[in-house]
Amino acid sequence: MILELDCGNSFIKWRVISSDGRERALSGVVDSDSRLFEALAASPALSITHCRLVSVRSDVETEQLIDRLRGSLGVEAVSAQSASQVGAVRNGYDDFQRLGLDRWLAVLGAYHLGQRACLVVDLGTAVTADFVSADGAHLGGFICPGLPLMRDQLSTHTRRIRYDRQVALAALQELEPGRSTAEAVERGCVLMLRGFVEQQLLQARARFADGFEVFLTGGDADLVRDVAPGAQVVPDLVFVGLAIACPLG
Ligand SMILES: Nc1ncnc2c1ncn2[C@@H]1O[C@H](COP(=O)(O)OP(=O)(O)OP(=O)(O)O)[C@@H](O)[C@H]1O
Ligand SMILES: CC(C)(CO)[C@@H](O)C(=O)NCCC(=O)O
Ligand SMILES: [K+]
């Protein structure tokens, strides 16, 4: 079985798939390396023979995780690397090594699934949008703070924006003007995300006259999906790209 890891800035998304890649045995989201190993230890029936990962963390943190995977599972994890081109897809950054690997893999995954021009939006700790032309040229993209960063900045830099997490969840049942701090902040930040996605759709329409596919991924994708009615929500998009960037055997 293959263990796949997407190490983001706040969470590690993991899944275990069959060796031929066709079946998913198990998956989860954890907030630290230790929790990952706890989750894996709790499923002793998994016989992991291979591991591939993508990390946007520092090289030191990524190396530590790879060492620990070697120590506890006896596997040599393959880590996705930057590339200027994979198949038809060409990296559009001036310095291809600077493009976040999660973005690059999401772009590879989207172009593989869409087979035409794509807009790829990943809504996690940060929000990113990337454009790929019909012939596979990555045209660059945009980065802005995601929902967790927006709300944290507001509460960190003001005295009176304070509210409970549970109240925050309830506040997102609708998007009417808020009548409490929680409603006002939570809905305001979600409207920022939705406005961002609307802007990306305008850009895509202007660039891709022959049509395009929209892919949404990341933990907060559901908060914007109705802004992009034809969009495909693909929670595993980075893993689709990971299998392309790191084929095994
Ligand atoms: N099961 C879950 N666990 C954690 N976060 C979740 C979950 N479901 C939805 N979310 C939302 O996902 C967001 C985090 O997104 P995601 O997990 O895609 O990114 P991340 O790993 O934090 O960051 P990165 O953008 O670096 O990948 C949070 O704002 C949270 O509200
Ligand atoms: C933008 C994030 C944080 C999104 O996870 C990641 O892709 C990253 O660290 N990128 C490096 C900077 C860049 O892509 O230009
Ligand atoms: K991500």
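Here are some notes on a predicted model, going from its annotated binding site to one of its helices and its ligand.

1. **The annotated site.** Start with the record: an unreviewed UniProt entry marks Asp6, Cys7, Gly8, Asn9, Ser10, Phe11, Ile12, Lys13 and Thr125 as "binding site". These residues are spread over 120 residues of sequence, yet they cluster in space, with a largest C-alpha distance of 13.2 Å. Have a look at the largest pocket too, since its lining includes Asp6, Gly8, Asn9, Ser10, Phe11, Lys13 and Thr125 from this annotation.

2. **Cys7.** You will find Cys7 in strand β1, which covers residues 2-7. Is Cys7 buried or exposed? Its relative accessible area is 2%, so Cys7 counts as buried, the cut-off being under 20%. Leaving aside residues up to four places away in sequence, Cys7 touches Ile12, Val54, Ser55, Val56, Arg57 and Leu65. Ile12 also belongs to the annotated site.

3. **Thr125.** Now move along the chain to Thr125, which sits in the loop between β8 (118-123) and β9 (126-132). With a relative accessible area of 21%, Thr125 is partly exposed, because buried would require a value under 20%. Again not counting residues up to four places away in sequence, Thr125 touches Asn9, Ser10, Pro145, Gly146, Pro148 and Leu149. With Ser10, the side chain of Thr125 makes a polar contact of 2.6 Å.

4. **Helix α4.** Two of the residues that Thr125 touches, Pro148 and Leu149, fall within helix α4, residues 147-156. Which residues of α4 are buried? They are Leu147, Met150 and Arg151. These buried residues lie on the same side of α4, because they cover an arc of only 90 degrees around the axis. Among the elements that cover them are β10 (138-145), α5 (165-171) and α6 (181-207).

5. **The ligand.** Finally, look at ligand 1, which has 14 residues around it. Which of them come nearest? Those are Asn9, Lys13, Thr125, Gly219 and Asp220. Of these, Asn9, Lys13 and Thr125 carry the UniProt "binding site" annotation.

6. **Polar atoms by the ligand.** You can check three distances to oxygen atoms of ligand 1 yourself. A polar atom in the side chain of Ser10 is 3.3 Å from a ligand oxygen. For Phe11, a polar backbone atom lies 3.3 Å from an oxygen of the ligand. In the case of Asp220, an N or O atom of the side chain is 2.7 Å from a ligand oxygen. Ser10 is worth a second look, as its side chain is also the polar partner of Thr125.

Key. Residues are numbered from 1 along each chain as its sequence is written. Chains are lettered from A and ligands numbered from 1 in the order in which they are written. This is a predicted model: local features need pLDDT of at least 70, side-chain atom pairs count only at pLDDT 80 or more; totals for chains, interfaces and linings use all residues. Side-chain values use heavy atoms; hydrogens and water are left out. UniProt positions are given in the numbering used here, feature names are shortened, and annotations may be inferred rather than shown by experiment. On a 1 Å grid over the protein atoms alone, a cavity is a set of points where a 1.4 Å probe fits but cannot get out, and a pocket is an open set with protein on both sides within 12 Å along at least five of seven lines; lining residues have an atom within 4 Å of a point. Helices (H or I, at least four residues) and strands (E, at least two) are DSSP runs, numbered from the N terminus. Buried means under 20% relative accessible area, exposed over 50%, partly exposed in between (1.4 Å probe, protein chains only). Contact means heavy atoms within 4.5 Å. A polar contact is a pair of N or O atoms within 3.5 Å; within protein, one must be able to donate a hydrogen and the other to accept it, and residues adjacent in sequence count only if both atoms are side-chain atoms. The arc is that of the directions from the helix axis to the C-beta atoms. A residue is near a molecule or strand if one of its heavy atoms lies within 4 Å of it.
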